[in-house]
Amino acid sequence: MPAPRSAGSSAPTLPPDLQSLRATAVEVLRGNDLGDVTRPSPTLYPHQWLWDSCFIAIGLRHVDPARAAAEVLSLLRGQWPNGMIPHVIFAEVDDFYHAGPQRWRIDRVTTTASGALSTGITQPPMIAEAALRVGEMLDPKARADFYRALLPGLIRFHEFLHFERDPDDDGLVTLVHSWESGMDNTPPWMEATLPITPRRVNVLKRLGAAEALDAMRRDSKEVPAEERLTSAELFTLYRVVRELRRSGYAFRNIRETDVPLVQDVAFNAILVRADDHLVEIAAEAGVTLSKRLTRQMRRCREAMERLWSSSTYYSCDFRTGELLRHETVGGFLPLYAGVVPEERVDALVKAMTSPRYWPRYGVASVPADDPVFEPRCYWQGPVWININWLLADGLERYGRHDAARELRANVLNLIVNSGEMFEYYSPLDGSGAGSNSFSWTAALLLDLLAREDLPEIQAEAARMASGRPGVAGVPDARRAGDDAVVGRSAGSGILGGDGHAAGDAG
């Protein structure tokens with residue numbers, strides 16, 4: 001993998017347009033800096049999110065490695081006594097957030113390491129990835145100090161996932177809320193959640209009055225309604241929170257409720273890669289991991305094979321053992337985990353770069369021929385910069401350098417064309433959607449612009465913009481002109497209803 005530029009170097013030499021874009025990215029991160037943590041955006045997401053902070057640190061390391069290390073360490077302030085690191089750690093701000101401390105009431109159950117309030121669920125475990133990337137930019141002493149400070153909490157977090165969330169020694173980690181997946185309204189989660197839709201929501205839907213729910217919300221004012229979860233979806237997710245709260249957030253109690261329990265393919269793929277990084281960090285710090293933990297790490301890697309069927313990887317229903325057969329971008333993340341047998345890789349890459357997932361800008365979160373596809377609606381179609389970052393990393397480690405470069409060039413074109421750091425982008429026209437001034441988009445752009453192979457990525461971006469055939473074998477002209485794909489520009493959402501509204505952070 002091309003090495004990042006050295007920590008002490010100044011901003012890389014860039015053409016004027018990219019210099020300006022880099023300056024915009026840095027300004028976004030500065031604007032979202034709350035002093036000791038970074039919020040995802042200045043509007044929708046005023047607190048600290050777990051995997052957001054990890055992606056933020058990956059980019060921030062090119063500007064201020066020490067601040068990037070502090071961003072990673074700050075996640076430990078929210079750690080629970082059982083080792084869980086929550087998906088949101090609430091900052092002391094006055095900004096309204098629809099799923100704030102009052103909805104979770106963790107003060108009735110536990111306390112965090114710092115006494116800060118938090119949610120009662122976790123998020124994809126990107127901490128080890130971020131720590132290793134940040135560590136590369138620190139001098140040996142600073143890196144050793146950083147790892148020593150992080151390791152105890154990081155090990156406890158991985159133990160929580162492998163033990164608390166795999167009580168039957170199945171190998172795969174189980175999630176208790178779609179927000180834990182980071183992909184809030186992705187189709188398999190919405191299917192799993194549909195049966196527990198609150199009665200009042202179903203009544204309003206039958207009466208054709210689901211839009212009445214919008215009047216009960218305060219979180220749908222910042223962005224266009226069609227770019228967010230439907231009110232029916234969101235109120236159903238609120239009901240899940242209520243059940244988790246009543247269960248004391250303990251898995252042994254949660255499994256006795258009707259809360260959807262999903263062995264999420266993307267989350268487990270990220271955990272497998274995080275386990276590899278944890279082993280590397282521990283070895284450098286001279287720490288020996290327990291045999292029990294290393295065994296569970298191995299079992300998790302092996303269990304990923306059970307999520308494969310025919311041509312892709314799926315999430316699985318924990319209770320029934322049945323695969324949730326909805327194709328999503330999560331099915332490609334085993335490439336990031338490094339668990340895909342070599343004989344499957346090219347077929348997955350072909351599927352990922354086909355017009356279904358890459359109609360013009362890719363990779364879309366849901367294939368464009370799916371009935372629920374909506375190009376600007378959260379995780380039901382848009383392109384997310386962080387997911388493409390993960391996929392490009394996996395492709396490169398599998399030796400698919402052309403595909404990785406094309407993916408990075410696509411990301412560069414998306415951000416350059418918009419000129420702004422949006423939460424996500426339409427795969428059809430590249431327009432930005434969701435919250436603007438979004439931190440991980442800015443941070444991962446900084447990471448992209450710091451790569452030593454940036455000239456090759458720029459050349460590929462220029463080629464793609466001109467419409468010449470792609471190096472991964474998918475002509476851009478076909479992507480742009482696929483009538484069946486472009487025609488799918490709207491939908492009703494998997495839970496139905498016309499009103500859309502804000503969900504959780506990315």
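The legends below describe close-up views of a predicted model.

**Figure 1. Overview of the predicted chain.** The chain contains 21 helices and 11 strands. Of its 506 residues, 62% count as buried. Among contacts in the chain with a separation of 6 or more, 75% are between residues 24 or more positions apart.

**Figure 2. Helices H2 and H18 cross at roughly 30 degrees.** H2 spans residues 50-60 and H18 spans residues 439-449, and their axes come within 7 Å. An angle under 35 degrees counts as roughly parallel, and H2 and H18 are therefore roughly parallel to each other. Their crossing is left-handed. From H2, the contact is made by Trp-51, Asp-52, Phe-55, Ile-56, Ile-58 and Gly-59, and from H18 by Ser-439, Trp-440, Ala-443, Leu-444, Leu-446 and Asp-447. These residues divide into eight nonpolar, two polar and two charged. H2 is mostly covered, with 11 of its 11 residues buried. The buried residues of H2 include Asp-52 and Ser-53 as well as Leu-50, Cys-54 and Leu-60.

**Figure 3. Trp-440 forms edge-to-face pairs with Trp-51 and with Phe-438.** A search of the whole structure finds 22 aromatic pairs. In one of them, the ring centres of Trp-51 and Trp-440 are 5.4 Å apart and the ring planes lie at 85 degrees, so the pair is edge-to-face. This pair links distant parts of the chain, as Trp-51 belongs to helix H2 and Trp-440 to helix H18, 389 residues apart. Trp-51 is buried, with a relative accessible area of 0%, and Trp-440 likewise counts as buried at 0% relative accessibility. The rings of Phe-438 and Trp-440 also have their centres 5.4 Å apart, with planes at 90 degrees, so this pair is edge-to-face. Both Phe-438 and Trp-440 are buried. Trp-51, Phe-438 and Trp-440 belong to one aromatic cluster, which further includes Tyr-45, Trp-49, Phe-55, Tyr-97, Tyr-378, Trp-379, Trp-384, Trp-389 and Tyr-424.

**Figure 4. Helices H16 and H17 cross at roughly 160 degrees.** H16 covers residues 385-397 and H17 covers residues 401-418, and the two axes come within 8 Å. Angles over 145 degrees count as roughly antiparallel, which makes H16 roughly antiparallel to H17. The crossing of H16 and H17 is left-handed. H16 contributes Ile-385, Asn-388, Leu-391, Ala-392, Asp-393, Leu-395 and Glu-396 to the contact, whereas H17 contributes His-401, Ala-403, Ala-404, Leu-407, Arg-408, Asn-410, Val-411, Leu-414 and Ile-415. By class, the contact of H16 with H17 has 10 nonpolar, three polar and three charged residues.

**Figure 5. Helix H5 is mostly covered.** H5 comprises residues 127-136, and nine of its 10 residues are buried. The buried residues are Ile-127, Ala-128, Glu-129, Ala-130, Ala-131, Leu-132, Arg-133, Val-134 and Gly-135. They pack against H2, helix H3 (65-74), helix H6 (140-164), helix H12 (265-285), helix H14 (334-337) and H16.

**Figure 6. Surroundings of the buried residue Trp-104.** Trp-104 is found in helix H4 (residues 101-104). Its relative accessible area is 0%. Residues up to four places away in sequence not counted, Trp-104 touches His-87, Phe-90, Ala-99, Ser-118, Thr-119, Gly-120, Ile-121, Trp-179, Val-241, Arg-245 and Tyr-249. One of these residues, Ile-121, is 17 residues from Trp-104 along the chain, and the C-alpha atoms of the two are separated by 9.5 Å.

**Figure 7. Backbone features at Tyr-249, Tyr-378 and the Gly-362 to Val-363 peptide bond.** Most residues other than glycine have a negative phi, and most peptide bonds are trans. Tyr-249, by contrast, has a positive phi of about 60 degrees although it is not a glycine. Tyr-249 is found in the loop between helix H10 (231-246) and helix H11 (251-254), and is buried, with a relative accessible area of 7%. Tyr-249 is among the residues that Trp-104 touches. Tyr-378 also has a positive phi, near 45 degrees. Tyr-378 lies in the loop between H15 and H16 and is buried, with a relative accessible area of 0%. A cis peptide bond, with omega of about 5 degrees, joins Gly-362 and Val-363. Val-363 lies in the loop between helix H15 (342-352) and H16.

Terms used: Residues are numbered from 1 along each chain as its sequence is written. This is a predicted model: local features need pLDDT of at least 70, side-chain atom pairs count only at pLDDT 80 or more; totals for chains, interfaces and linings use all residues. Side-chain values use heavy atoms; hydrogens and water are left out. Axes are lines fitted to C-alpha atoms, for helices over the stretch in contact, and angles run from 0 to 180 degrees between N-to-C directions. Helices (H or I, at least four residues) and strands (E, at least two) are DSSP runs, numbered from the N terminus. Angles under 35 degrees count as roughly parallel, over 145 as roughly antiparallel, 65 to 115 as roughly perpendicular and the rest as oblique. A crossing is left-handed if the near helix is turned anticlockwise from the far one by less than a right angle, and right-handed if clockwise. Contact means heavy atoms within 4.5 Å. Ala, Val, Leu, Ile, Met, Phe, Trp, Tyr, Cys and Pro count as nonpolar, Asp, Glu, Lys and Arg as charged, and the others, Gly among them, as polar. Rings of Phe, Tyr and Trp (its six-membered ring) pair if their centres lie within 6.5 Å; planes under 30 degrees apart count as stacked, over 60 as edge-to-face and the rest as tilted. Buried means under 20% relative accessible area, exposed over 50%, partly exposed in between (1.4 Å probe, protein chains only).
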